[in-house]
Amino acid sequence: MAAHRCSCWSWLLILFSLSVFVVADIHETTPVNDHHGGVDHNAQTAEQTADQPAVEERRWEATEVKEAATVDAAADIQGTSAPETVVPSSVPQPKDDFQEELVIRPLHSGDIYASFQFRTLWDTDFMRENKVSHYRLFPKSLGQVISKFSVRELHISFTQGYWRTMQWGQPFIPSPPGAELWVWFQDSVTDVDATWKELTNVLSGIFCASLNFIDSTNTVQPSASFKPLGLGNVTDHSFLRYATLPREIVCTENLTPWKKLLPCGSKVNVPPFTCAFFFLKKRGTSMPSVSVLSFLLTMFSEQAGLAVLLKSEKLFHSSFHSQAVHIRSVCQDWQCKTTSWELRQTLNSVFDLHNSGQTKREWSLFKMFSRTLTEACPLASSSKLYIDITDNPQGEQFELSPATSLLSQAVVLGDRRTFSVYDLTQETTFGTVRSLNLLIRWKSNEGEMLRPLLHAERYVAGYGLQTGEIHTLMYNNHPYRSFPVLLLDSVPWYLRLYIHTLSVTSKGKDNKPSYIHYEPSKDRVKPHLLEMLIQLPPNSVTEVTVQFERALLKWTEYPPDPNHGFYVGSSVISSLVPSTVAMHTNSTRERPLFSSFFPCKEESSYFVRIYTEPLLVNLPTPDFSMPYNVICLTCTVVAVGYGSLYNLLTRSFQIEEPNPGLAKRIANVIRRMRGVPPL
């Protein structure tokens, strides 16, 4: 009952607020021909009946975030056309834009790779003296972080699981297991280390993660591996910081704040303003102004779009899950005449056929996410669903239902891919049931995935708890082309590297690196940093080995489960891999989001960044049960020894006569009766 009363009060409050907006709007814009209102309404109704396709077309153009489009959306809710509404030319056009995409790639193993891409563009300047106070699509929390800490670029990811490159191919945006954070600061920052420490604490609160454990012991300053992905050719790497937490566990408490950054959230309840508009329509009240409608759409647009599919119970019940946030400055056109800030939120997940309990090789949106798509985000200028059908040109591998005639080609990771496109801004995409539940049914198990040209592995060799050896294997699967790779290794200080044992071999021969940058560690202060530029021969395996010695930590430095081991972050490998097709060097807004993240400077190659497995290393661990045994033994000795001595020193002794025997007592009784003295 209490919940029902709260719900009623909520509806009354919403209706009262709308009434206030309507009254204020009526006072501001008084109609001139009010007595002809009924005739105009009938005429508009007739026009709508005669020209129904035009009305429907305008309705789905309302997904574009413009003031005039908002008026058309309000007219659709009323059930009338909107030619009478005139938008003043002085109304400024919004400088922000939101796009969303979902790419689904069926894998040959029967698994499904789903990649969400959400991009928010905003033409503003966070570094100006007058702080930005009005936020519409861009999240205010991140905008304040950019302006307060003078951030040029920010990249953060949370990943659960390891990406299996040889089984799944290359991901659109890679990320290592655990948490990764790397930031470029503006050159106006004086104390980068202090700003970095404060920034990690703030991001830890925003994303509800353990980023506050990032300190100088796991932070490095790369010299060549991490270049800015946005505008600007920064050469001073003193403003760059990179850190990883390979043991970070990703769960629902990290996904919830990530979803709250989206303009359209993942709620599925009925929008309250829709019911309010229906109520006003039944009463014959005029509609609010453009500004009021824009405010209401922004406030209550948390129930539509691709974010509806982000259900934590399904996303975390997968073989791989990764969510990331990337902030950078990008060009708005190919000539880069105007720039804007880009916030890109990505979420990648691989749904395993066996872990999901599937008995058949078929997938659907409802099986993957327990939800279906019903409409596009009203604040999104573009909302599309892509299905990769490159390996299924004639439909011999799998079948799509419902089918679509809209196809698109894009160059992704050096290969031309073909996609079936479902435009969520079109009414025909959802059919008559107003719901899109895409079904992928496999027909054949045949077919092989094209091997990636570059992938890597890493492991620890050796025995005992004193020394060991780290092996990194890099595979170049190109049959006749060699290309350079940049290897970055960040090793904790408690693994003391013997850098003189470093060796690089390819096909059994030494492969001398053309560039080496090494910074030794300092105990309990900073880790090792090793960067090398290595040329990989064609169709070869290059092995990098280095020996290390395990340090003995203080007993207070061990975690609660010291026998589990200590994690070492993944190696980072960056390279320009030869492309089989010509790459697009102009990054425009017309390109799909999944193919336009890494900038491309050459048509003959594309940029690839891959991560190896994190290492789990055992260190010399003391017997933490020994203090317990010592305490028990000490307490026993004290209780027995000291207790007995204390008892002897404090006890008082008294002489007591021995008790007579039974025969003697009987004899004394008889003697008393006879009047004879007792014995």
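Ser150, the residue just after helix H5, takes a positive phi of about 55° in this predicted model. Helix H5 itself spans residues 140-149. Its buried residues are Leu142, Gly143, Val145, Ile146, Ser147 and Phe149. These buried residues pack against one helix, H7 (192-207), and against strands E3 (151-160), E4 (178-185), E7 (320-331) and E8. At the end of H5, the ring of Phe149 also carries a charge over it: the charged end of Lys148 sits 5.7 Å from the ring centre. A second arrangement of this kind involves Arg328, which lies over the face of Phe597 at 4.8 Å from the centre of the ring.

Aromatic pairs were searched for across the whole structure, and 31 were found. In one of them, the ring centres of Phe351 and Phe369 are 5.4 Å apart and the ring planes meet at 90°; because planes over 60 degrees apart count as edge-to-face, the pair is assigned to that class. This pair links distant parts of the chain, with the two positions 18 residues apart in numbering. Phe351 belongs to strand E8 (residues 339-351), whereas Phe369 belongs to helix H12 (residues 365-369). Both phenylalanines are buried. Strand E8 is also among the elements against which the buried residues of H5 pack. Elsewhere, ring pairs join Tyr113, Trp163, Trp168, Phe172, Phe320, Tyr386, Phe419 and Phe594 into a cluster.

On the surface, a nonpolar patch is formed by Val638, Tyr642 and Tyr646. Together these three residues have about 350 Å² of accessible area. Tyr646 is found in helix H13, which covers residues 626-650. The relative accessibility of Tyr646 is 49%, so this residue counts as partly exposed, the class that lies between the buried limit of 20% and the exposed limit of 50%.

For the chain as a whole, 14 helices and 26 strands were assigned. The chain has 679 residues, of which 47% count as buried. Among contacts with a separation of 6 or more, 76% are made by residues 24 or more positions apart. The chain exposes about 34800 Å², and carbon and sulfur atoms supply 55% of this area.

Technical notes
Residues are numbered from 1 along each chain as its sequence is written. This is a predicted model: local features need pLDDT of at least 70, side-chain atom pairs count only at pLDDT 80 or more; totals for chains, interfaces and linings use all residues. Side-chain values use heavy atoms; hydrogens and water are left out. Patches are made of residues with over 30% relative accessible area and no salt bridge: like charges are joined within 9 Å, nonpolar side chains (Val, Leu, Ile, Met, Phe, Trp, Tyr) within 5 Å. Accessible areas come from the Shrake-Rupley method with a 1.4 Å probe; for residues, only the protein chains shown count as cover. A salt bridge is a side-chain nitrogen of Lys or Arg within 4 Å of a carboxyl oxygen of Asp or Glu. Helices (H or I, at least four residues) and strands (E, at least two) are DSSP runs, numbered from the N terminus. Buried means under 20% relative accessible area, exposed over 50%, partly exposed in between (1.4 Å probe, protein chains only). Rings of Phe, Tyr and Trp (its six-membered ring) pair if their centres lie within 6.5 Å; planes under 30 degrees apart count as stacked, over 60 as edge-to-face and the rest as tilted. A charge sits over a ring if NZ of Lys or CZ of Arg is within 6 Å of the ring centre and within 35 degrees of the ring normal. Contact means heavy atoms within 4.5 Å.
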